[in-house]
Structures are given as C-alpha cells and as structure tokens.
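This report concerns two individual residues, the surroundings of a bound ligand and one pocket. The sequence and structure are shown first.

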Amino acid sequence: MSDQRPRTWSDRELGMDRAIPRRDFLNGAALAVGATLLPASLKAAQNASASEPQNQPDYNPPVSTGLRGSHPGSFEIAHSLRDGTFWKNAPTPKALPEQYDLIVVGGGISGLSAAHFFRERVGASAKILILENHDDFGGHARRNEFHLGGKLQLLNGGTMLIDSPTPYSAEAAGLMKKLGIDAAALDKRCTDHGFYRSQGLRSAVFFDRETFGDDRLVPGVMVEEEEATGEGGDTQWKEFLAQAPLSETARRDILRIERGKVDYLPGLTSTEKKDRLSRISYKDFLLQVAGADPGVIPFYQTRTNGEWGVGIDAEPALDCWALGLPGFQGLQLTPGAAPHMSYSAAGYANGGSERFHFPDGNASIARLLVRDLVPGAVPGVSAEDIVTAPVHYDLLDKSGAPIRIRLNSTVVGVRNLGEPKAATAVEVTYASGKDVFTVRAGACVLACWNMTIPFLCPELPAAQKEALHYLVKVPLVYTSVGLRNWRAFKKLGVSNIHAPGAYWNAASLNWVVDIGGYKSPRSPEEPILVHMSRTPCKPGLPAREQHKAGRMELLATPFALFERKIREQLARSLADGGFDPARDIEAITVNRWPHGYGYEYNPLFDPEWPDGRQPHILGRKKFGRITIANSDSGATAYTDVAMDQAYRAVGELFS
Ligand SMILES: Cc1cc2nc3c(=O)[nH]c(=O)nc-3n(C[C@H](O)[C@H](O)[C@H](O)COP(=O)(O)OP(=O)(O)OC[C@H]3O[C@@H](n4cnc5c(N)ncnc54)[C@H](O)[C@@H]3O)c2cc1C
C-alpha cells in the first residue's frame, strides 16, 4: 500500500452514511419479551390483521438485508426461556383447536425431511405441523436474494454445499433423488468452475497490517484448483512468498512445509503416526514436529476456521492432513480414516458426495422439500427451476392443508400427555408475537438445536439433559455484499481472497452458476455478490469455550460494526484496484449464526467415550412420543446427516 493512502478510514470515506436498506433496523440488541417479540415490520403486519406475518402481502424474507441468519426477533424468546424469565412475562397459553399426527419443531433440512419421511410412512393424509422460530424456513440453509441493477442474484446465507466428508446414506441419497437433485449432472451442466481463471483471476492472500505489519494483497497459490492445475509449484510459491510481509525464516519454513517431503516422524508406522497426529494440534505439529519458526503460525492460523470454526491451535493435525493442509507429504500416511479422526477425506474419494452448489446453497434443497410438502407453495417441476421459483408464503400455513409450516413461532414446551412410556399424544406450546399457544399431536420430532431441548422438555431424564447440553454449536458469520461492479477484482486479477489475520477470513466473488432461468454475471461491469466469512473463535481456549465466547461476541455485535469491518476490509484489500467502498457497495446482508455448525467431537479436548455413550447418542434418546432429529444428533454439521437423523427420529416413532 502506498504511503499516501489513509491508514485509517473515516465513516464518510467508507460510505457508512450511504443508504443501505435496514442498516439501523434492529441491530442485534436483545429485545424485551412481550410486545416486542417480533421485528418491527412483522409486528406492524401482525397488528394490521389477525393473521400471521407470513400471510401478509409481499412477505419475502430472502430479500431482507441487514442482520439476518439468527435475526433479531428469532431468538429472544428462546433466550428468555433459558434464563427462566419467559413464563414470568408470558400470557396464559391459548389452546388451538388444531390436531396433528406429528408436530415437527424446527423448519431446517432435518425438520422438513422428518415431515417428508413421516408422510412417506403414514400416507398422503398425514397431518403435520412444522413450527419454526425464524421468519423463513430452511434453518441454516438460508437464501439471500438480491436484485442488483434489476437482475436476480443469489447467495447462500448459510449452508453452501452438498458435499460431505462421508458418502450420502441410502436414505439421504434417496431423498435427494426424490427431490430431483442429481448433483453431479447439475455440476457438469450448470457450474463454470473455470470462469474466473479464464478471465485471468486467481486467489490471493490479504496480509493485514495488524497481524503482519503491512497491508498487502498478494496473488497466491492457496486454492486447490491452482494446485490441481500444477500451478502451486516451487516457483509460484517462491514468487508468492517473496512478496509476503514475512520474515526470511518464516518464508523458508513455509516453503518447506508446502513443498518439502520430509518425514517428520521417522521410525513410526502409518498407524502410529496417525495416532500421534490425532493427539496434537496442527499448530503444535508445525512448531514441535516440523520444527517451523513461530513466524509461520499467523499465515496458517485460520486455515481451519471455515471447516471447524476454530483455528489450527484447536484442530488435530490428523484432521488437517485429511483436509489437505500441507506438511504431511513426506509422512507416507495411508489414505483413509483413522481412529480419533473426526473428519474423513475418504468420503470424497468414495464418490458419495458432490461439489455442486446451488446459487442460494442448500436453501434450494429446503425449497424443494417445501415444494414437495406443500403443493402449490413453490411452483415448478425441477431442481433447476427451483432457483428462480417464487415462494407463496401465504400458502405455507393454510387451514385444512395436511402439512402446514408456521414461521415466527418459537416452541417453548413439549410434553407427553401422560406417562412417557404409555403416552399416545403430545402437547406443544409455542410463542408467536404477543401470544402463546398450545397444540396437540400424536407425536413430536424435535429437529431443533439439541442444546435447547432441555429447556423445552424439562421432564427429560437429568443424564439426557446433561448430554444435550454438552453439544456446543459453532458460531459463524456468512455475509453477502452486493457490489455495483467487480472492476477492482478484475484489475487486481483476483477472484477470492484469503485473509489469515483479518476480521473477515475470506472474501470471494460469487460462484458462476447458470441454472434454469438464473444467470451469473460475466462482465466486470455488472453488479455481483461477494461472500465474506468470519469465525469469531478465541484461539488458545479449548474448542467448546471458543465457541461459547464467539457466540457471545456475535450476539453483542451491532450491524454497524459488521458493516464497518466489511467496508474497511474491502477498501484496504482492493484499494489498488480502485475500489471505493462508499461508491461500490450497494447492499449488505450479514448472516449471523451464533448457533452454527453442529458440534463435532475433537480428540484434543473431548474424552474418548465408549461406543454408544457419546453425548449425542445419549441426548437423542426417544422420550415417549417425542424423538430427536437435527444434525446435532449426528454430532456433525452436514446436510446428509440432517436428513439421516430425521429418518432415524421418524423411524423411532414407529418402533
Ligand atoms: C454458516 C453455515 C454454513 C454451513 N455450510 C454447510 C455446507 O456447505 N454443507 C453442509 O452439508 N452443511 C453445512 N452447514 C451445516 C448445516 O447446519 C447442515 O447442513 C444442515 O442445514 C442442518 O440442518 P438441521 O435441520 O439439522 O438444523 P438447522 O438448519 O439448524 O435447523 C434447525 C431449525 O430449528 C429451529 N429451532 C431451534 N429451536 C427452535 C424452537 N424452540 N422452536 C422452533 N424452531 C426452533 C432453528 O432456528 C432452525 O431453523 C452449514 C452451517 C452453517 C451455520
């Protein structure tokens, strides 16, 4: 960066005064329970008529910008239930005259799949109610929809890919097939993986001055496609490192880690090496086993953030080997999973998972499920037309329909009617707006976040509640930024930026996917979406503590701070390309997920439980007519697992 450029950016230079829809609308501060349970716009809608917000004209949550993900209005009731204050302020529940065969708590992939599997067993007449606390269905599979320059542009607000480290099970693969999703074929037909490369764009690393002493964008060799094309060779690495603001020793050691073929654990078998690697962090592997200079650590620190929500201080080296991180080339490890490995590269090799990405991520899967469950709500016939299909939210909860999806409804109680063993029905209590309702069904699948379940079902056995509490979800932020054009990216020759030390760890131009009527921008003069991600982990703490501290940080961060950090980082990293944050940023959606990925056990911090005694297994035990789904119940964070757990939870109702 040249000396003339300001080292600090005023709000005005960043464009903090520019119009961004809903910037100041509910900025993340906790709302009081009661009259203010819903965001203002929804409340106004509700007051305007007795019907639900989702039945109001123009109700279309995916187009909302500002603070999304776990948006204001979605979590306050659950938090007040946790804090023991909910019932002090709540009105007397009103009993609804509705009666269902099944109530599903949680409208994510797992909840929607549970409804699908239940109807498959019971038949088309099955009466099912799905209750979801957010203003949209899909859970983490959330759609961000923009109309930039009048053209539809989409990004995933959460779940992005169909991939999984393990092959899809027969049930999950079967469901994908029933929904018409052939990921491999869609990938071939619709994704232009090589587009940015063909335009001379590549990946880059942004070294920030707070971490590395200087703001510097260095086109690099960090992306697997580049490695696949053989461009991650010695020469490219040397050129890259020569420009990096790193010490000579750090450069030398990074080159050795990336390109060397040293066996750092000589004399051990592959099994013994894997065992050792499962018990040390990747950071310790680099420092203590590979003998690297501490100056390499800031360069690698956040390489695992996107995958596990913590940095290399808290991730076992063995999992990092499976992820393809460098340093293991000379160890001659036999491919395949190993004990103590939470992550298996074998799944990719087995061909059970695909890299296809719908423009709105797995929100398209959620939309296909809703199309299947509620006829007419999402018109169309294929996995291609789903991308541009409208959702008729007012049809989701139609009186008399066999399957109903009720949004903005936080479940606060679920109980068996009678002794759990003998019960034939359940009662579910939920809060919506100012009201609290009870509704009855033959059974309930809890497809919500498992750590909330002890608060919904205080009657669960103590050991089960303790097990459910053990699972701490991983906090993350996925941000979609609408730009007027991407000239700066083109001028700098970069399409995606890894920023190892910065607030946002990554910023990338949207994938190029043309599917159905949806067309990605191809010209740098066109508006585009940029995806930015942040993992609010706290290096040095045990993984679960990092997740808890990160969640607190997210809940306390107002939209204005996220916005400033977005503008400033894009300004600093793209300034040499002529990027002007005040002029070039058109829209921002921050998807804040304080409860993100399902918890995956980490051999560095978790005990080795005997098989069948792991918290997720103890926690998901059937309780009378109540069963438990969600990817949490599979102790991992993947779409196929969310489906598998739904299948199991539904099956248990019939056993
Ligand atoms: C940012 C992000 C990126 C991800 N990327 C991927 C990816 O690329 N590929 C992949 O396979 N997986 C990914 N995941 C993991 C994702 O969690 C799973 O794939 C899957 O979507 C989980 O579905 P689920 O239904 O089990 O849980 P969720 O999607 O969390 O759905 C559960 C729903 O229950 C609701 N709920 C909770 N409590 C209550 C209550 N009391 N009353 C009513 N409703 C309630 C929640 O609000 C939520 O909407 C990602 C997750 C995040 C957060």
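## Asp584 and its side-chain contact

The side chains of Asp584 and Arg583 are joined by a polar contact of 2.7 Å. The model is predicted. Asp584 belongs to helix H25, which covers residues 581–584. With a relative accessible area of 4%, Asp584 falls under the 20% limit and therefore counts as buried.

## The ligand and its polar partners

Three residues place polar atoms opposite oxygen atoms of the ligand. For Ser631, a polar backbone atom is 2.8 Å from a ligand oxygen. For Ile109, a backbone N or O atom lies 3.2 Å from an oxygen atom of the ligand. In Thr159 the side chain is involved: one of its N or O atoms is 3.4 Å from an oxygen atom of the ligand. Of the 980 Å² of accessible area that the ligand has on its own, the protein covers 97%.

## Composition of the ligand shell

The ligand is surrounded by 34 residues, and those that come nearest are Asn133, His140, Leu161, Trp449 and Ser631. By residue class, the shell holds 16 nonpolar, 16 polar and 2 charged residues.

Several elements supply at least two shell residues each: helix H5 (109–122), strand S9 (410–416), strand S12 (474–483), strand S16 (585–597) and helix H27 (639–653). Strand S16 provides the largest share, with 3 residues.

## The second largest pocket

The second largest pocket contains about 750 Å³ of space. Its lining is formed by 29 residues, and Met341, Ser342, Tyr601, Gln614 and Ala635 lie nearest the centre of this pocket. Helix H26 (615–619) and helix H27 are the elements that give two or more residues to this lining. Helix H27 also supplies at least two residues of the shell around the ligand.

The lining of the second largest pocket divides into 14 nonpolar, 11 polar and 4 charged residues.

## Gln56 in a loop

Gln56 is located in the loop that runs between helix H2 (40–48) and strand S1 (66–69). Is this loop residue, Gln56, buried or exposed? Its relative accessible area is 16%, which is under 20%, so Gln56 is classed as buried.

The fold also brings Gln56 and Tyr393 to a C-alpha separation of 8.5 Å, although these two residues are 337 residues apart along the chain.

Terms used: Residues are numbered from 1 along each chain as its sequence is written. This is a predicted model: local features need pLDDT of at least 70, side-chain atom pairs count only at pLDDT 80 or more; totals for chains, interfaces and linings use all residues. Side-chain values use heavy atoms; hydrogens and water are left out. Helices (H or I, at least four residues) and strands (E, at least two) are DSSP runs, numbered from the N terminus. Buried means under 20% relative accessible area, exposed over 50%, partly exposed in between (1.4 Å probe, protein chains only). A residue is near a molecule or strand if one of its heavy atoms lies within 4 Å of it. A polar contact is a pair of N or O atoms within 3.5 Å; within protein, one must be able to donate a hydrogen and the other to accept it, and residues adjacent in sequence count only if both atoms are side-chain atoms. Accessible areas come from the Shrake-Rupley method with a 1.4 Å probe; for residues, only the protein chains shown count as cover. Ala, Val, Leu, Ile, Met, Phe, Trp, Tyr, Cys and Pro count as nonpolar, Asp, Glu, Lys and Arg as charged, and the others, Gly among them, as polar. On a 1 Å grid over the protein atoms alone, a cavity is a set of points where a 1.4 Å probe fits but cannot get out, and a pocket is an open set with protein on both sides within 12 Å along at least five of seven lines; lining residues have an atom within 4 Å of a point. Grid points are joined across faces, edges and corners, and a volume is the space filled by probe spheres set on the points.
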